[in-house]
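Let's take a stroll through a protein model together. Have a look at the sequence and the 3D view below, then read on.

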Amino acid sequence: MTATRLSRLPLTPLGVGGAQFGNLFRETTDEETAAAVDAAWERGIRYFDTAPHYGLGLSERRMGAVLRNRPRNEYVLSTKAGRLLVDNPAGRGALDDDGFIVPAATKRVWDFSRDGIRRSIDESLERLGVDRIDIAYLHDPDEHWKAASTTGIEALRELRDEGVVGAIGVGMNQAEMPAAFIRQCDIDIVMIAGRYTLLDRTAERELLPLALEYDVAVVAAGVYNSGLLSSSVVPEDARFNYAQAPQTLIEGARDMADLCREYGVALPDAAVQFALRHPAVRSVVLGARTVDHIVSGVDRVEAEIPGELWERLDARAAALAAATEAAGR
């Protein structure tokens, strides 16, 4: 699929991330999942993202079940490859140790070989109950560049040529390696988590300019930076990129919250809309567990944010980045 064809995929500005449907950190019911997806559909969301990693396949099974009766040509479905799910006899009777509240009867095994990627996609198709996947990402190949950039992406290209998948790309929590994929591999799309946010603009340096140059679509995830930007009141124990936030970033987030408050805007509204301002970014994916999560996400995308506030937030981010860089010297 060329980037020109990709641009016609109906990627809505807001997408639903399926990690919580895989019981991330706590259990989610089938009923909560169905209600959340129904609410998303009713509010015009047509992009749904999942992965085998999320709940050892549970998220894919749930996502497929609740989308099964929707018109297949009216939504975009993405999943990921790179972690195969294999039997784990030693884990029977235990729970997964990777953040998901699910039985550990299977485990993840890294595999970016041609056979591994094709097997992963085949198994995802079965769990999802579909005959094609609109977007397939290589998932977190941070320690597997050589295999992912050769056999991994080549396998996805084969599947793209066969019509099994539509667009292909990479989904990561960093900006540098996805930029290398854009330069060196024939990809259509990148999902970037936590690296293009109000507080972390790493993707601006190289990734986003390359995406525009090569006509590669970008999906932004992790826009709250693990929670630091998820509330207008920033607590002392706020997390940033899965760990306790440094005090400088807590103070920076609080300054941004104060700026937003001056304009009657909530900090999370700005956090959600920030990435959508860039011409390379086609969609922002928010994780959801309940109907309330869907409703709040839509409200945040639709909130009115004055241009003057954006200018002041950008200036604050630039000052914070400069201070952080100076402190690190």
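## A helix tucked inside

In α9, the buried residues are L267, P268, D269, A270, A271, V272, Q273 and F274. "Buried" here means under 20% relative accessible area, while exposed means over 50% and partly exposed is in between, using a 1.4 Å probe and protein chains only. Eight of the eight residues of helix α9 (residues 267–274) are buried, so this helix is largely enclosed by the rest of the structure. Helices and strands are DSSP runs numbered from the N terminus: H or I with at least four residues for a helix, E with at least two for a strand.

## Where the numbers come from

This is a predicted model, so to speak of a local feature a pLDDT of at least 70 is needed, side-chain atom pairs count only at pLDDT 80 or more, and totals for chains, interfaces and linings use all residues. Residues are numbered from 1 along each chain as its sequence is written, and side-chain values use heavy atoms, with hydrogens and water left out.

## The whole chain

Count along the chain and you get eleven helices and twelve strands. The radius of gyration is 19 Å, close to the 20 Å that the globule rule gives for 329 residues, so the chain is as compact as a globular protein of that length. That radius is taken over C-alpha atoms, and the rule is 2.2 Å times the number of residues to the power 0.38. Along its principal axes, the C-alpha trace spans about 50 × 40 × 40 Å.

How much of the chain is buried? Of its 329 residues, 56% count as buried. Contacts, meaning heavy atoms within 4.5 Å, often link distant parts of the sequence: among those with a separation of 6 or more, 75% are between residues 24 or more positions apart. The accessible surface comes to about 14,100 Å², and 49% of it belongs to carbon and sulfur atoms. These areas come from the Shrake-Rupley method with a 1.4 Å probe, and for residues only the protein chains shown count as cover.

## Another covered helix

Now find helix α3 (residues 58–67), which is mostly covered, with eight of its ten residues buried. Those eight are L58, S59, E60, R62, M63, G64, V66 and L67. What do they pack against? Their partners are α2 (30–42), β2 (47–49), β3 (76–81) and α4 (114–128).

L67 is worth a click: this residue of α3 is buried at 2% relative accessibility. Leaving out residues up to four places away in sequence, L67 touches V37, F48, Y75 and L77. The C-alpha atoms of L67 and L267 are 200 residues apart along the chain and separated by 32 Å.

## Two more buried spots

V284 lies in strand β12 (residues 281–287) and is buried at 0% relative accessibility. Not counting residues up to four places away in sequence, V284 touches P13, L14, G15, A220, V223, V272, A275 and L276. Its C-alpha atom is 8.7 Å from that of G222, although the two residues are 62 apart along the chain.

P178 sits in helix α6 (residues 176–184), and this proline is buried too, with a relative accessible area of 0%. Skipping residues up to four places away in sequence, P178 touches V170, M172, V190 and L207. The C-alpha atoms of P178 and A203, 25 residues apart along the chain, are separated by 9.6 Å.

## Two positive phi angles

Most residues other than glycine have a negative phi, and most peptide bonds are trans. D140, however, has a phi near 55°, a positive value in a residue other than glycine. D140 lies in the loop between β6 (133–139) and α5 (145–162) and is buried, with a relative accessible area of 13%.

S226 also has a positive phi, near 70°. This serine lies in the loop between β9 (217–221) and β10 (239–240). Is S226 buried or partly exposed? At 34% relative accessibility, S226 counts as partly exposed.

## Cysteines

How many disulfides does the structure hold? The count is zero, where a disulfide is a pair of cysteine sulfur atoms within 2.5 Å. In general, a disulfide is a covalent bond between the sulfur atoms of two cysteines. C185 is buried, with a relative accessible area of 11%, and C260 is buried at 0%.
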